[in-house]
Amino acid sequence: MVVGDISTGTELLVIGGGPGGYAAAIRAGQLGLDATLVEADAYGGTCLNEGCIPSKALIHASGLAHAVEHAESMGIHARADVDLRGLVAWKDGIVDRLTGGVERLCEASGVNLIEGRAEFVDGNTARVAHGGEGQGSESVEFERAVVATGSRPVELPGFEVDGERILDSSDALSLEALPESLCVVGGGYIGMELSTAFAKLGADVTVVEALDDVLPGYGDDATAIVRDRAEELGIEFRRGEAAQGWAEAGDDARVTTETGAGETNSYTAERVLVAVGREPAADTCNLEAVGIEPSEDGSIETDDATRTAAEGVHAVGDVTGEPMLAHAAYREGRVAAEVAAGEPARLDHRAIPAAVFTDPEIGTVGLDAEGAEAEGFDPVVGEMPMGSSGRALTLGAETGFVRIVADAETGFVLGARIVGPDASELIAEVGLAIEMGARLGDIAGTVHVHPTLSEAVAEAAANAQGTALHTPNR
Ligand code: FAD
Ligand code: NAD
């Protein structure tokens, strides 16, 4: 540890206490490094405070309320009276529990926690300004550093977020009353997840998406299933229309849009949720002082060991650009700490899964058939429709499929796309298969509990081999 005429010294300074930063700090502590984690706002970052966890709480609760009211075919006749304040209080309780847990886990690993905004002064010194008037600041001298400053919502010109009429995702997750109508600008991850939740709670939802379809990159058949279900829930889609601006219209906002052909339309709603992407927050810690210049999209470039262009400075999580996912940030944080401790850790992006928590969910990992071909494989594809899964039928959720892609010659599993209940959980099995270099026979030959959704994964693998029992073989 280097301590001179300044107040603190540390072997590893971590800037930002979200999934990337706290994973790096805890792992560093486990490895015996003297680590210091600086957080400007709230431990747990976007993920725990206003992202993954609160959104999944809202999605689950809204799904529960909706399911109870729509179970007549199972002989259940019930009404769900949703008290949004109560729901939000429950969600806040989960957030408090988890963010408190982050602090305790850091302390248990010997991590020194500092609350404040850190800025680099030079390649070995950072200054931390404590929040609030008269709180002062302190210097931290470091040997290595991890930048984990995360991301923030992209601002859409003409839609200044005021938390009242125009909301960002954080506002939408803490509403005290259900809006009668909601216009969602952007049909990506946040737009699709939250529009589904609000529609299930009873709001009248319109989604405006600039591209031809929602959830870009997830594949036509997967997005069509999710969009059809969303339409069944009453969500109206305005695809191929970019939101241009809005104006007050009585008690509502009137959102104007323009199609690619220049046609204009307008939609009124009590509230407008803007969810048009997130951008790296690479401007919060004076990166110039260590000689890092963000790339054109604002992200920090790193190598497969999370190293930046600056000697001894790593970057992890959303600030390094796509994929902006919490589990990618956790992994990168771990790798950064291990590399900082001298271990030969490396990142491998081949098996990073992604999931959309819509109804039904979508889970993906690895390559699809086109991607496999592009990488020189001769792919074989196996599929199991959810409608042939006994478990899916008992859940009243028979829409979707499991599709597995493997190398025809060797049987090595290359990827999967799953659409259906708990696709976000099911995809883990295929991720493990890719990670371990498993073949189709390893998944198909593993005995899965009956009746479970995971059997559909095994059946898709068997289908690719021509040995499926519950679906016609290809
Ligand atoms: P963040 O979580 O953004 O944390 C960065 C932290 O750094 C913040 O706490 C910030 O205060 C702090 N900070 C910034 N600058 C400084 C500074 N100079 N000094 C000190 N502290 C600083 N991902 C998923 O994988 N699954 C999901 O289901 C999912 N759902 C989401 C839902 C929503 C509504 C949103 C908005 C995001 C969602 N995400 C999801 C994305 C996920 O939240 C991010 O990928 C993840 O939080 C990134 O972690 P991070 O550590 O890189 O950054
Ligand atoms: P996104 O990039 O997923 O989607 C933004 C959408 O907005 C795109 O489809 C884009 O075409 C559209 N758009 C842009 N400008 C528009 C305009 N003027 N009018 C209409 N549509 C417009 O971004 P997001 O939904 O804001 O989510 C941000 C990030 O948060 C995601 O990329 C993801 O990394 C993360 N996230 C992940 C999850 C998850 O893992 N389940 C959930 C939520 C958020």
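1. In this predicted model, helix H6 provides the largest share of the shell around ligand 2, namely 4 residues. Strand E10 and strand E12 (241-249) join H6 among the elements that each supply at least two residues of that shell.

2. The shell around ligand 2 comprises 25 residues, and the closest are Ile-190, Glu-193, Glu-209, Met-324 and Ala-355. Sorted by class, it holds 16 nonpolar, 4 polar and 5 charged residues.

3. Three backbone contacts to ligand 2 may be noted. A polar backbone atom of Met-324 is 2.6 Å from an oxygen atom of the ligand, and a polar backbone atom of Ile-190 is 2.8 Å from an oxygen atom of ligand 2. At Ala-355, a backbone N or O atom lies 2.8 Å from a nitrogen atom of ligand 2. Of the 850 Å² of accessible area that ligand 2 has on its own, the protein covers 82%.

4. Helix H6 also bears on the sheet. This helix, residues 189-201, lies across strand E9 (181-185), strand E10 (204-209), E11 and E15, and runs at about 165 degrees to E10. The sheet itself is open, with 5 strands in the order E8-E15-E9-E10-E11 and parallel pairing. Strand E8 (166-167) and strand E11 (236-239) stand at its edges with a single partner strand each, so one side of each has no neighbour in the sheet.

5. At the E8 edge, the pairing with strand E15 (residues 271-274) is parallel and extends over 2 bridges. Within this pair, Ile-166 stands opposite Val-272 of E15.

6. Turning to ligand 1, 39 residues surround it, and Glu-39, Thr-46, Lys-56, Thr-284 and Asp-318 come nearest. By class, this shell contains 16 nonpolar, 16 polar and 7 charged residues.

7. The contacts of ligand 1 involve both backbone and side-chain atoms. An N or O atom in the side chain of Asp-318 is 2.8 Å from an oxygen atom of ligand 1. A backbone N or O atom of Gly-20 lies 2.9 Å from an oxygen atom of this ligand, while for a polar backbone atom of Ala-148 the distance to an oxygen atom of ligand 1 is 3.5 Å. The protein covers 92% of the 1,000 Å² of accessible area that ligand 1 has on its own.

8. The elements giving two or more residues to the shell around ligand 1 are helix H1 (19-30), strand E2 (35-39), helix H2 (45-50), helix H3 (52-69), strand E4 (117-122) and helix H8 (326-340). H2 gives the most, with 4 residues.

Definitions and conventions. Residues numbered from 1 in each chain as written. Chains lettered and ligands numbered in written order. Predicted model: local features only at pLDDT ≥ 70, side-chain atom pairs only at ≥ 80, totals over all residues. Heavy atoms only, no water. Pairing = 2+ DSSP bridges. Contact = heavy atoms within 4.5 Å. Axes fitted to C-alpha atoms, helices over the stretch in contact; angles between N-to-C directions. Near = heavy atom within 4 Å. Polar contact = N/O pair within 3.5 Å; in protein donor to acceptor, adjacent residues only side chain to side chain. Areas by Shrake-Rupley, 256 points an atom, 1.4 Å probe, with all protein chains shown as cover. Nonpolar A, V, L, I, M, F, W, Y, C, P; charged D, E, K, R; others polar.
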